Amino acid sequence: MTIQMLAGSLLALFVPGLAWTYALFDKEIDLIERIALSIGLSLVMVPLSLFFLFNLLGMRINFENSVYMILLLTFAALFVALFRRYNIVR
């Protein structure tokens, strides 16, 4: 039970923000700033994305939709970070 709570907390409160800090800031910030920004970004982006799902698209907020939205936020940020890092389009 505690492992599930730890994994869920990391997934919802840290991972999307961490991915977006790598997408937005290349190597300009140190580790403490990256951790603080990742927690802050996750606390803002996850509820706003679920609000978007519920109010604008009319989807229910449940476990599956929440996980899918968090994974979508994370993979979008990873895509942006890889795109910026390797300059795919020149």
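## Close-up views of a four-helix model

**Val-46 is part of helix 3.** This is a predicted model. Val-46 has a relative accessibility of 9% and therefore counts as buried, since the cut-off for buried is under 20%. Which residues does Val-46 touch, not counting those up to four places away in sequence? The partners are Ala-12, Pro-16, Ile-70 and Leu-73. Helix 1 spans residues 2-13, helix 2 spans residues 15-24 and helix 4 spans 63-86. Leu-82 lies 36 residues from Val-46 along the chain. The C-alpha atoms of Val-46 and Leu-82 are 22 Å apart.

**The whole protein is built from four helices and zero strands.** Read from the N terminus, the order of elements is α-α-α-α. The C-alpha atoms fill a box of roughly 40 × 35 × 20 Å along the principal axes. The protein has 90 residues, and 27% of them are buried. Now take the contacts with a separation of 6 or more. Of these, 63% join residues 24 or more positions apart. The accessible surface comes to about 6,700 Å². Carbon and sulfur atoms hold 74% of that surface. The side chains include 6 positive and 5 negative ones. The centres of these two sets lie 8 Å apart.

**Ser-42 is another residue of helix 3.** Is Ser-42 buried or exposed? Ser-42 is buried, because its relative accessible area is 1% and the cut-off is under 20%. Set aside its neighbours within four places in sequence. Ser-42 is then in contact with Ala-12, Leu-13, Phe-14, Val-15, Pro-16, Gly-17 and Pro-47. Leu-13 belongs to helix 1. Pro-16 and Gly-17 are among the buried residues of helix 2.

**Helix 2 has a set of buried residues.** Which residues of helix 2 are buried? They are Pro-16, Gly-17, Ala-19, Trp-20, Thr-21 and Ala-23. What covers them? The cover includes helix 1, helix 3 and helix 4. Pro-16 also appears among the contacts of Val-46, and Ala-23 among those of Arg-84.

**A nonpolar patch lies on the surface.** Its members are Leu-13, Leu-31, Ile-35, Ile-39 and Leu-43. Together they have about 430 Å² of accessible area. Which helix gives the largest share? Helix 3, residues 31-56, supplies four residues. An α-helix has 3.6 residues a turn, so residues three or four places apart point the same way. Leu-13 comes from helix 1. Leu-13 is partly exposed because its relative accessibility, 39%, falls between the cut-offs of 20% and 50%. Leu-13 is also one of the contacts of Ser-42.

**Ile-29 sits in the loop between helix 2 and helix 3.** Is this loop residue, Ile-29, buried or exposed? Ile-29 counts as buried because its relative accessible area of 17% is under 20%. Residues up to four places away in sequence are not counted here. Ile-29 then touches Arg-34 and Leu-37.

**Gly-58 is in the loop between helix 3 and helix 4.** Gly-58 has a relative accessible area of 58%, so it is exposed, the cut-off being over 50%. How far is the C-alpha atom of Gly-58 from that of Trp-20? The separation is 26 Å. Along the chain, Gly-58 and Trp-20 are 38 residues apart. Trp-20 is one of the buried residues of helix 2.

**Arg-84 lies in helix 4 and touches residues from another part of the chain.** Arg-84 has a relative accessible area of 36% and is therefore partly exposed, between the cut-offs of 20% and 50%. Leave out its neighbours within four places in sequence. Arg-84 is then in contact with Ala-23, Leu-24, Phe-25 and Asp-26. Leu-24 is 60 residues from Arg-84 along the chain. Their C-alpha atoms are separated by 9.0 Å.

Definitions and conventions:
Residues numbered from 1 in each chain as written. Predicted model: local features only at pLDDT ≥ 70, side-chain atom pairs only at ≥ 80, totals over all residues. Heavy atoms only, no water. Helix = DSSP H or I, 4+ residues; strand = E, 2+ residues; numbered from the N terminus. Buried < 20%, exposed > 50% of the residue type's maximum accessible area, 1.4 Å probe, protein only. Contact = heavy atoms within 4.5 Å. Areas by Shrake-Rupley, 256 points an atom, 1.4 Å probe, with all protein chains shown as cover. Lys, Arg positive; Asp, Glu negative; His and termini not counted. Charge placed at Lys NZ, Arg CZ, Asp CG, Glu CD. Patch = residues over 30% accessible without salt bridge, like charges linked within 9 Å, V, L, I, M, F, W, Y side chains within 5 Å. Salt bridge = Lys/Arg side-chain N within 4 Å of Asp/Glu carboxyl O.
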